[in-house]
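Colleague: Please take one part of this model and go through it closely, then carry on outward from there. I would like the terms you rely on to be spelled out with their cut-offs.

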Amino acid sequence: MVDALADDLRAAAYTTDGVAGLLGAEAGAAFSRGSWWSALRATDRATPERQALAILVRLFLLGAEEPRDRAAHAMPTAGVDALVANDVLEVTPHGTLRAALDIRPHGDGVRDFLVVSDLDAAVRPGAVAFDHVLGIGSASVTLAHAVVREPVRRALDLGTGCGIQALHLDAHCDAIVGTDTNARALALAAATARLNGMSWDLRPGSLFEPVAGERFDLIVSNPPFVVGTGALDYEYRDSGMAGDSLSEKLIRQARDHLEPGGTAQIMANWIVRRGDEDGAWRDRVRGWLADTGLHAWVVQREFADPISYVSLWTSDAGEPPEEAARRGGVWLDWFADQDIAGIGMGMVTLRAPRRDESRPPDQVLEEITGADEGLTGPEVAAFFARREYLHDTGDDQLLAARLSTAPVFLEEQSLPGPDGWQTVGAAVRRPGGPGAVLGVDEVSRALLAGCRGEVPLGMLIDLLASVHGVDGDALAEAALPVVREAISRGILYEAE
Ligand SMILES: C[S@@+](CC[C@H](N)C(=O)[O-])C[C@H]1O[C@@H](n2cnc3c(N)ncnc32)[C@H](O)[C@@H]1O
């Protein structure tokens, strides 16, 4: 039945481009902002050739009811009876049909996929079920963007859900294991794999239990990281583990499942207690990393106060307002008891040392919150390469190297004063680079401007020293940490 449905969906051009073409730019944009009516209107106006596509969009994306003959027209190969028997469609009390699952096209810019999940709470009345299988959410997309897409042999998608991460892994991993505690999630992930002509090894179980004793080149996980009381209300969101212990366990246990040189990329949340707001989250997460022996880049992307945090999670389960308020109240009381000031939300990337590597663990924990500073696979890979370069390159080697400055902007902060604008601060920024910003003074900005891959850094520093009438060695000593920081942030790099 799944293969027959795949044929029908393909025949109707039920793809990201097909749907975008049907809806048109404006209704498509409105739909992606959560507005349904203009998309429905666009499907009403479909040409006869696009009728099958319009019916599929109405059923699977817009939650509309369709008469049996129209559904049969759109899915002639799978057949309406088989789709109802397999819980893809359901018969309404009016005898019409509606979707029992969300099946949607999803693209990565190169390939087009179909993803099967449960219907969103916005489409169906009432709270979602305990074993509700979440569709593609913002955390799914954030993780998929950040994954290092280098070809590897074995990958693990821990907490696979609808299979969205495994879908993306398929292009660059020879073998994929997906795990989940939710049997329904594994069934829907299997349907996602099959609809896309893929095959994954899907296993039930919690955390790393289903892969005990196994190692992977790449581990990705968008787990139920939500910090809470330990209640298990919804499987997609709650781990049943109190506080941030799920994130802690995943981070502590990852090293036993990484091949040398392997990478783990994990979405995680961590508790920030009252009085610790000033960056002490780093100590908490550093404690989780302490005995792992792994290199790490931990990025806190957001910090949410308790009410914002709890509201985020109580709003997506579709519960009646009184129930959401009751649950939120219990949650907030628990946060207060635990002295929680808020929750840090971010991404943890772990890298196991290669077999031939003797470098001590290099662990960087930082806050990068700019909307245009999201992590991407190439940026994550480049970050680890730059950190290794810095470790392997002594100061003398650095002074002998020809460095180039990446395309950056100089940003100045100025205040109006009695003599016109007074510059009070300046920084260089590499646009699009996460955390790729460096405060500069007059000398370091001159140094960055001079790094064009033509002369060794040491020579450039001597030149600057004579222009500014200062000692060359003293300037080199002051400049080297800035140069290292600039390299770490991808602002400077060694020219070929
Ligand atoms: C937020 S969803 C993420 C789904 C998907 N990977 C994504 O990126 O959108 C978390 C998934 O983890 C599963 N899960 C819950 N507890 C788990 C555990 N202890 N071990 C493994 N998976 C778990 C849930 O059933 C759910 O499918």
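Modeller: β10 pairs with strand β11 (residues 340-351) in the antiparallel sense over nine bridges, where pairing requires that DSSP finds at least two bridges between two strands. Within this ladder, Trp297 has Thr349 of β11 as its bridge partner. The model is predicted, with local features needing pLDDT of at least 70 and side-chain atom pairs counting only at pLDDT 80 or more, whereas totals for chains, interfaces and linings use all residues. Residues are numbered from 1 along each chain as its sequence is written, and side-chain values use heavy atoms, with hydrogens and water left out. Strands (E, at least two residues) and helices (H or I, at least four residues) are DSSP runs numbered from the N terminus.

The two strands belong to an open sheet of eight, ordered β7-β6-β5-β8-β9-β11-β10-β12, in which the pairing is mixed. At its edges stand β7 (201-204) and β12 (363-367), each of which pairs on one side only. Neighbouring strands of this sheet are turned by 20° against each other on average, direction ignored; angles here run from 0 to 180 degrees between N-to-C directions, and axes are lines fitted to C-alpha atoms, for helices over the stretch in contact. Helix α9 (residues 183-195) packs on the sheet by touching β6 (173-180) and β7, and its direction makes about 170° with that of β7, contact meaning heavy atoms within 4.5 Å. α14 also packs on the sheet, where it touches β9 (258-273), β10, β11 and β12, with a direction at about 130° to that of β10.

β10 and α14 come up again in the lining of a cavity. The structure holds one cavity of 30 Å³ or more, and the volume of the largest is about 30 Å³. On a 1 Å grid over the protein atoms alone, a cavity is a set of points where a 1.4 Å probe fits but cannot get out, and lining residues have an atom within 4 Å of a point; points are joined across faces, edges and corners, and the volume is the space filled by probe spheres set on them. The lining consists of His295, Ala296, Arg359, Asp362, Val364, Phe383, Phe384 and Arg387. At least two of these residues come from each of β10 (295-304) and α14 (377-392), and α14 gives the most, with three. By class, the lining has four nonpolar, one polar and three charged residues, where Ala, Val, Leu, Ile, Met, Phe, Trp, Tyr, Cys and Pro count as nonpolar, Asp, Glu, Lys and Arg as charged, and the others, Gly among them, as polar.

Next comes a helix pair. The axes of α12 (residues 306-314) and α13 (residues 321-337) come within 10 Å and cross at roughly 145°. The crossing is right-handed, meaning that the near helix is turned clockwise from the far one by less than a right angle, with anticlockwise giving a left-handed crossing. Pro306, Ile307, Tyr309, Val310, Trp313 and Thr314 of α12 make the contact with Ala324, Gly328, Trp331, Leu332 and Phe335 of α13. Nine of the residues in this contact are nonpolar, two are polar and none is charged.

Further along the chain there is an open sheet of three strands, ordered β17-β13-β18 with antiparallel pairing. β17 and β18 stand at the edges with a single partner strand each, so one side of each is left without a neighbour in the sheet. From one strand to the next the twist averages 35°. Strand β13 (residues 402-405) is joined to β17 (residues 452-456) over two bridges: Arg402 stands opposite Pro456, and Ser404 has Arg452 as its bridge partner. With β18 (residues 492-494), β13 shares three bridges, and there Thr405 is partnered by Leu492.

A second helix pair completes this account. Helices α16 (residues 442-450) and α18 (residues 472-488) pack at an angle of about 65° with their axes 11 Å apart, and their crossing is right-handed. In the contact, Val443, Ser444, Leu447 and Leu448 of α16 meet Leu475, Ala479, Val482, Val483 and Ala486 of α18. Eight of these contact residues are nonpolar and one is polar, with no charged residue.

Terms used: 1 Å grid on protein atoms, 1.4 Å probe; cavity = no way out; pocket = protein on both sides within 12 Å on 5 of 7 lines; lining within 4 Å.
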